[in-house]
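These are my notebook entries on one structure. I set out to look up ring contacts, confidence and a pocket.

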Amino acid sequence: MEILSTGEKIRRARIQKGMTLKALCGEEISVSKMSTIENDKVQAEDWILDLVAQRLEIPREELQKDILEEISDELTRLSENTFSKTYEKEILDLIELTEGSGFLKETFLARLQLIDHYIEKSKIEELNSEISNLYKVLIKIVSSETLYLYFLSMAKYLYATNEYRNALVFLNHLMLRLDELPEGFGEDRKLYVPYLTATCYVYLQEYEEARRLLPQIDRLLSATDSNKIRGNIHLLHYLISSSEDEEDAYHKVSDYLAEYPEVHAKAKYLIAVKHLSRHDYEGAYREMNEASKIFPQDKFSDNVELILDAMAMFVNAGHYEEASKYIDLVVNSAIENKNPDTVERAYYFKGILLAESGSYDMAETYMSVSLDMLLKRGKSCELAKRYRDMGNIYYKMGKKDEAIKYYALGINTKSNCN
């Protein structure tokens, strides 16, 4: 990627044609004047640009573009090619150029684009670093426009990392200021805020909050050209609208999200949650089974929190046999994720399910490891339940003294928690 100033373009085109400065200038322009133009010390007047463009056989518009216009065009080009193999290198090169030239607004816009790319590709480690870089640029160019873009980017980042409650902090701030957005923000960008807000509420199972945003979200259907967004809008309708629209919305979800397996699988998970809430266990099992088949294998660890939530629903509802189908997948994904909290939860569910199947010795092992990890975090309210669960396992094993010990620990811990 090369972005050249007007003077650099003239000099390069002249050299490529084997033309001297004197030949380019002719009788109309002084050589010293053209030299200052080529070295970007002065700007060329319109008549000079017309003459130079004619002699170099280059469209005047191409010569006239300054560096900022070139950068803007390059940002637009890259935004339309985010899935190309060279995209990441090209956008990083552009960021290096804009930073080196002191064009902070353009650096900010390029970093926003890179963050969207990392979100799309689920590159969480790179995303965490880039969010920090974005803030470092923001504090140098704070305006109503950059603050809006930063808040929206933070919301998308937190949504992508399954931190829905934290994402809502930024989204609700934006919702209060939708009518104050800077000029030039299109309808689709404005309506993306209520859409993402409602989606977060759905993941938190706060359906009434999501429902009140449907009128704004429906306007996005005609404003967006993204099938992913369209599919998720129909998913929102399936989850929170009247039952008479469910069948049509269900099929549209699959139609629009067919090309996005990770998003499609998450949609299936949310549909399974709705079936569970209606005690339609057969429907919930079906949707979970389809989700597990659709979900890309290399994305399980990035979405382990979501899978753990599904596991919790099955276990808490007493559907142990169904939960057992996915527990090894959950444990392996948690280990690959390398987050101690997710590993602790996965080991806990593994212990519970082993106990339910009568494998008490193995259940004791997993529960002990989980309990040790939880103790290091110091969460006493959760510890109370874990102590009771350990007590239950020891009781089933016939170790009554150990069972009594853990029951007592559970009672004392619960008392301290309250």
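**Entries on rings, confidence and a pocket**

I began with charges over rings. The charged end of Arg386 lies over the ring of Tyr348, at 3.7 Å from the ring's centre. I also noted Lys274, which sits over the face of Tyr238 with 5.1 Å to the ring centre.

I then recorded how far the model may be trusted. The model is predicted. For the protein chain I read a mean pLDDT of 86, with 95% of the residues at 70 or more. Comparing the elements of the chain, I found the lowest mean pLDDT, 70, in helix H5 (residues 60-64) and the highest, 95, in helix H11 (residues 164-175).

Next I turned to aromatic pairs. My search of the whole structure returned 13 of them. I examined Tyr192 and Tyr195: their ring centres are 5.4 Å apart and their planes meet at 50°, so I entered the pair as tilted. Tilted pairs are those whose planes are neither under 30 degrees apart nor over 60. I located both residues in helix H12 (residues 187-203), where they are three residues apart, or about one turn of the helix. I listed Tyr192 and Tyr195 as buried.

A second tilted pair that I looked up joins Tyr387 and Tyr406, with 6.0 Å from centre to centre and 40° between the planes. Tyr387 belongs to helix H24 (residues 380-396) and Tyr406 to helix H25 (residues 400-417), so this pair ties together parts that are 19 residues apart in sequence. I checked the burial of each partner against the cut-off of under 20% relative accessible area. Tyr387 has a relative accessible area of 9% and is therefore buried. Tyr406, at 13% relative accessibility, also counts as buried.

I further noted a cluster in which ring pairs link Tyr135, Tyr150, Phe151 and Phe170.

My last entry concerns the second largest pocket. I recorded about 590 Å³ of space in it. The pocket is lined by 26 residues, and those closest to its centre are Thr161, Asn162, Asp302, Glu305 and Asn337. I asked which helices each supply at least two residues of the lining. I found helix H9 (124-138), helix H10 (144-160), helix H19 (304-316) and helix H22 (340-356). Sorting the lining by class, I counted nine nonpolar, eight polar and nine charged residues.

Conventions: Residues are numbered from 1 along each chain as its sequence is written. This is a predicted model: local features need pLDDT of at least 70, side-chain atom pairs count only at pLDDT 80 or more; totals for chains, interfaces and linings use all residues. Side-chain values use heavy atoms; hydrogens and water are left out. On a 1 Å grid over the protein atoms alone, a cavity is a set of points where a 1.4 Å probe fits but cannot get out, and a pocket is an open set with protein on both sides within 12 Å along at least five of seven lines; lining residues have an atom within 4 Å of a point. Grid points are joined across faces, edges and corners, and a volume is the space filled by probe spheres set on the points. Helices (H or I, at least four residues) and strands (E, at least two) are DSSP runs, numbered from the N terminus. Ala, Val, Leu, Ile, Met, Phe, Trp, Tyr, Cys and Pro count as nonpolar, Asp, Glu, Lys and Arg as charged, and the others, Gly among them, as polar. pLDDT is the predictor's confidence in each residue, from 0 to 100. Rings of Phe, Tyr and Trp (its six-membered ring) pair if their centres lie within 6.5 Å; planes under 30 degrees apart count as stacked, over 60 as edge-to-face and the rest as tilted. Buried means under 20% relative accessible area, exposed over 50%, partly exposed in between (1.4 Å probe, protein chains only). A charge sits over a ring if NZ of Lys or CZ of Arg is within 6 Å of the ring centre and within 35 degrees of the ring normal.
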